[in-house]
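Work through the exercises below with the sequence and the structure open beside you, and try each task before you read its solution.

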Amino acid sequence: MDHSQLAQHASTAGALFASIFLVATSTMQTMIPLRLFSILTNLVLIATAIPSHNYLVIPVQLAMLVLNSYRLHQMLQLVRDVKRSVGGDLSMEWLKPFMTERKCAAGEMLFYKDEKAEDMLYIVSGRFRLVESGIELPVGAIVGELGMLSPSNVRTQSLECIEGGVILSVSYDQVEQLYVQNPAFGFYFLKLASARLFQNLDTLERRLAQQTAQVAEARIA
Amino acid sequence: MSEDGIVSSLKYLFADFLDEEDSTPPSLPEGLPEGVAPIVSEGIHVLMDYQGASYARLYVERLQRFVDKGIAPATLGEMARLMTSRMAYEDAIRIAQLKLFEYRDSEGRMASREDKKFRFDELVDALPEIAADPILTVLDKIGWSHRRVSIPFSTKSRLGIRRLKIEAWLRRWRMFSIRYGEERRWVERWLHMIARSLVKQPAATAAVVDTATMVQGFGDAYRQGLADWHTVIDSLVKPTFDGVLTLADLAGAIAEARAAAMPDPRQASLKRAIAQIRARVTAPGASAAAE
């Protein structure tokens with residue numbers, strides 16, 4: 001068997017493998033396996049293009065390989081970070097790569113009480129205050145993460161910028177897309193949201209107990 | 001495989017390009033006082049034409065917040081009417097829609113042409129943010145963002161009607177536009193002021209509701225009205241609700257300031273009137289006189 005015959009066989013076998021991977025890719029229902037099979041298809045097509053001297057295919061498949069690898073890396077990192085967050089400080093910093101930056105001036109109202117909520121916000125810098133309760137939110141705080149899961153979908157307080165700063169925002173639609181594309185993310189996101197809800201309940205219970213104790217003390221006095 | 005399943009999947013795939021699937025108008029808010037229902041019904045109808053069912057639902061949800069909150073039925077009706085006109089704000093898409101409605105309602109007999117002047121940034125603001133941002137940057141760099149351009153809206157020729165239809169079709173992306181974000185923030189601020197008025201100065205609620213008439217149309221008139229509205233709210237209404245300014249007759253003060261507003265970008269006369277109102281209440285003895 002001479003060199004050209006070998007190359008022809010290799011190219012036929014490669015095309016067969018690439019077709020199998022392509023069919024497998026199209027049967028995937030979620031993002032991570034879909035990206036994995038796309039990467040395999042890209043690699044096989046590159047390997048096949050070399051012996052058959054089909055050099056035009058190589059840059060196209062290389063570009064797709066880089067893109068697929070980057071997206072896969074993003075997804076895996078997202079799942080890892082959400083999972084870590086559930087077991088740790090319940091932070092939502094992992095959402096930062098998916099958020100868009102916005103500058104806020106002092107006095108600007110970011111949203112009003114009873115307004116329909118459509119996005120969650122992450123405070124990067126500056127000072128922000130929940131108007132009705134007077135609570136000042138620290139840098140790194142997330143606002144509106146539970147609104148996405150609440151049936152009424154409305155803001156419970158107004159948020160005012162009291163000292164110019166930067167916020168990051170992500171729409172509920174975008175988070176929903178991540179949720180649908182990636183079941184592992186969805187699962188850990190639900191766990192995280194529930195944990196934050198229970199944490200809020202716990203804080204409220206403690207505050208209520210404190211207030212009840214104070215009222216009782218006042219009555220005795 | 002059911003055909004309905006395939007069709008609905010395709011509709012979902014091309015949702016951004018097709019009309020909204022749900023064309024059922026929302027129900028009227030519960031507990032609406034007598035006499036207000038026809039106004040709200042009309043509002044729903046207008047907003048269904050303007051944007052679609054989900055936008056009309058947003059209108060109903062916004063109104064629902066004020067039903068049974070102690071607002072007078074007449075004021076609630078006026079609020080519903082003004083909210084309809086603000087939510088159906090005038091942009092190039094709206095003007096194209098209105099022109100087409102006029103042509104359709106007259107069964108093709110009323111063919112006309114109107115030329116409207118827009119600023120470049122005003123036209124670009126109607127595009128989705130992702131497309132508008134780079135265009136605005138370029139326009140700013142070459143100094144063209146405030147340059148005016150005359151746009152014809154004509155139903156006199158088949159080509160004109162076709163162009164209007166294409167413009168009206170762009171409503172699918174209206175909700176992603178910069179202008180929509182600004183309008184949404186404006187409506188929410190107005191509603192917030194009405195809600196605060198109901199608690200802090202119920203007698204001034206009708207006047208606060210009526211301030212929405214300051215913001216109308218498009219182009220220079222719209223920008224002037226918007227700037228005047230913010231000045232009145234920031235200098236009189238908000239400080240009164242915050243307790244910084246003691247205005248016993250907020251409705252009167254709003255009326256006085258509005259009467260002084262002129263079509264002047266520097267707002268000299270409006271600012272002077274506001275300064276006089278504020279000086280009156282902060283003058284020594286003013287609070288004693290008010291009591």
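The domain bounds used here come from an automatic or database domain assignment. The model is predicted.

**Exercise 1.** Find the domains of chain B, and describe the contact between domain 1 and domain 3 of chain B.

Solution. Begin with the assignment, which divides chain B into domain 1 (8–88), domain 2 (92–176) and domain 3 (180–282). Next, take the centres over C-alpha atoms: those of domain 1 of chain B and domain 3 of chain B are separated by 25 Å. The contact itself involves eleven residues from domain 1 of chain B and twelve residues from domain 3 of chain B. On the side of domain 1 of chain B that touches domain 3 of chain B, helix α4 (residues 73–87) of chain B gives the most, with seven residues. Sorted by class, the residues of that side of domain 1 of chain B are five nonpolar, two polar and four charged.

**Exercise 2.** Decide whether Asp68(B) is buried or exposed, and do likewise for Gln267(B).

Solution. First locate Asp68(B), which sits in the loop between α3 and α4 of chain B, and note that its phi is near 65 degrees, a positive value in a residue other than glycine. Since a residue is exposed if 12 or fewer other C-beta atoms lie within 10 Å of its own, Asp68(B) counts as exposed because it has 12 such neighbours. Then turn to Gln267(B), found in the loop between α12 (250–260) and α13 (268–282) of chain B, where the phi of Gln267(B) is also positive, at about 55 degrees. Gln267(B) has 18 C-beta neighbours inside 10 Å and therefore counts as partly exposed.

Definitions and conventions
Residues numbered from 1 in each chain as written. Chains lettered and ligands numbered in written order. Predicted model: local features only at pLDDT ≥ 70, side-chain atom pairs only at ≥ 80, totals over all residues. Contact = placed C-beta atoms within 7 Å. Helix = DSSP H or I, 4+ residues; strand = E, 2+ residues; numbered from the N terminus. Nonpolar A, V, L, I, M, F, W, Y, C, P; charged D, E, K, R; others polar. Buried ≥ 20, exposed ≤ 12 C-beta atoms within 10 Å, placed from the backbone.
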